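Got the sequence and the fold up on your screen? Let's go through some side chains together, one question at a time.

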Amino acid sequence: MTIPGTGHAVFCFIFIKKSLMKRVLIAILCLFFLYSAHSQTPVNVPEAPYLKNPGIPPFKILQVDSIHFYTRDDIKKNRKVLLIFFSPDCEHCKHQMRDILADFSKFKDIEIVMATFQPFDEMKSFYNYFRIVDHPNILMGRDEKYLLPPYYRMQSLPFLGLYDKKGNFITRFEGNQKVDTILNAFQLKDK
């Protein structure tokens with residue numbers, strides 16, 4: 001025998017109790033995820049090397065002839081430097097190269113150093129495809145020791161590092177950049 005109306009009250013009490021439990025459980029899970037995300041934030045991570053040493057890094061890249069190396073000593077003095085780290089099979093890198101070459105007259109006073117860690121034959125194909133040999137202010141080679149990506153803590157390609165005429169770091173970009181954006185960054189430093 002049941003008391004009329006008590007079945008409904010018990011159902012409401014159970015529903016409210018379950019609803020409250022769900023809210024508490026959701027709140028606990030949210031706090032757990034927030035704590036987990038916070039605990040993965042690096043603590044006391046040292047500065048990236050390019051910030052400690054704001055000059056052009058001591059790179060050594062294997063030239064396309066596969067015998068000689070380019071180093072920072074091969075960069076012409078008193079010239080702006082655009083350091084590009086790329087991958088020959090990266091579509092964004094190819095696009096960036098097309099943009100630069102399309103307006104190459106604007107880069108005539110800038111030394112461009114291009115480096116990759118990808119296989120040598122892929123770099124050589126990229127070199128030939130874009131006819132880098134026709135541009136004497138472009139130095140291209142393979143970063144055999146994988147110095148540059150950790151030096152800049154790169155996250156995406158192409159990577160562009162800009163340096164003034166004295167070899168001082170100006171700024172960096174990751175991903176495709178418009179030619180005007182690159183040139184404006186150089187000009188802002190000149191002012």
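Q: Which residues does Glu144 touch, not counting residues up to four places away in sequence?
A: Keep in mind that this is a predicted model. Glu144 is found in the loop between β5 (138-142) and α5. Leaving out residues up to four places away in sequence, its contacts are Lys60, Leu62, Phe69 and Phe117.

Q: How many Å apart in space are Glu144 and Leu62, C-alpha to C-alpha?
A: Leu62 is among the residues that Glu144 touches. In sequence the two are 82 residues apart, and in space their C-alpha atoms are separated by 6.9 Å.

Q: Is Glu144 buried or partly exposed?
A: Buried would need a relative accessible area under 20%, and exposed would need over 50%. Glu144 has 36%, so the label is partly exposed.

Q: With which side chain does the side chain of Glu144 make a polar contact?
A: Look for a 2.9 Å contact between side chains. The partner of Glu144 there is Arg142.

Q: Over the face of which residue does Arg142 lie?
A: Arg142 is the polar partner of Glu144. Arg142 also lies at 4.9 Å from a ring centre, and that ring belongs to Phe117.

Q: Which charged end sits over the ring of Phe69?
A: Phe69 is one of the residues touched by Glu144. The charge over the Phe69 ring is 4.7 Å from its centre, and it comes from Lys60.

Q: How many aromatic pairs does the structure hold?
A: A pair of aromatic rings is described by the distance of the centres and the angle of the planes. Here, ring centres have to lie within 6.5 Å to pair. The structure's total is 10.

Q: Is the pair of Tyr50 and Tyr152 stacked, edge-to-face or tilted?
A: The ring centres of Tyr50 and Tyr152 are 5.4 Å apart, with the planes at 35°. Stacked needs under 30 degrees and edge-to-face needs over 60. An angle of 35° fits neither, so the Tyr50 and Tyr152 pair is tilted.

Q: How many residues apart are Tyr50 and Tyr152?
A: This pair links distant parts of the chain. Tyr50 belongs to helix α2 (residues 49-52) and Tyr152 to helix α5 (residues 148-152), and they are 102 residues apart.

Q: What is the relative accessibility of Tyr152?
A: Its ring partner Tyr50 is buried, with a relative accessible area of 11%. Tyr152 counts as buried as well, because its relative accessibility is 0%.

Q: Is the pair of Tyr151 and Tyr152 stacked, tilted or edge-to-face?
A: Tyr151 and Tyr152 are both buried. Their ring centres are 5.1 Å apart with planes at 80°, so this pair is edge-to-face.

Q: Which residues form one aromatic cluster with Tyr50?
A: We've already met Tyr151 and Tyr152, and both belong to it. The cluster with Tyr50 consists of Tyr151, Tyr152, Phe159, Tyr163 and Phe169.

Q: Which peptide bond is cis, with omega near -5°?
A: The proline here is found in the loop between α5 and β6 (159-163). The cis bond runs from Leu157 to Pro158.

Q: What is the phi of Ser66 near?
A: Ser66 is found in the loop between β1 (60-63) and β2 (69-71), and it is partly exposed at 42% relative accessible area. Its phi is positive even though the residue is other than glycine, with a value near 65°.

Q: Is Asn78 buried or exposed?
A: Asn78 is found in the loop between β2 and β3 (80-85), and it has a positive phi of about 55°. Its relative accessibility is 61%, so Asn78 counts as exposed.

Q: How many salt bridges does a search of the whole structure find?
A: Side chains of opposite charge can pair when their charged atoms come close. One of the bridges joins the side chains of Glu174 and Arg172 at 2.1 Å, N to O. The whole-structure search finds six.

Q: With which residue does Glu111 form a salt bridge?
A: Glu111 is in strand β4 (residues 110-116), while its partner is in the loop between β2 and β3, 32 residues apart. Glu111 is buried, with a relative accessible area of 2%. The closest N and O atoms are 3.1 Å apart, and the partner is Arg79.

Technical notes
Residues are numbered from 1 along each chain as its sequence is written. This is a predicted model: local features need pLDDT of at least 70, side-chain atom pairs count only at pLDDT 80 or more; totals for chains, interfaces and linings use all residues. Side-chain values use heavy atoms; hydrogens and water are left out. Rings of Phe, Tyr and Trp (its six-membered ring) pair if their centres lie within 6.5 Å; planes under 30 degrees apart count as stacked, over 60 as edge-to-face and the rest as tilted. Helices (H or I, at least four residues) and strands (E, at least two) are DSSP runs, numbered from the N terminus. Buried means under 20% relative accessible area, exposed over 50%, partly exposed in between (1.4 Å probe, protein chains only). A charge sits over a ring if NZ of Lys or CZ of Arg is within 6 Å of the ring centre and within 35 degrees of the ring normal. A salt bridge is a side-chain nitrogen of Lys or Arg within 4 Å of a carboxyl oxygen of Asp or Glu. Contact means heavy atoms within 4.5 Å. A polar contact is a pair of N or O atoms within 3.5 Å; within protein, one must be able to donate a hydrogen and the other to accept it, and residues adjacent in sequence count only if both atoms are side-chain atoms.
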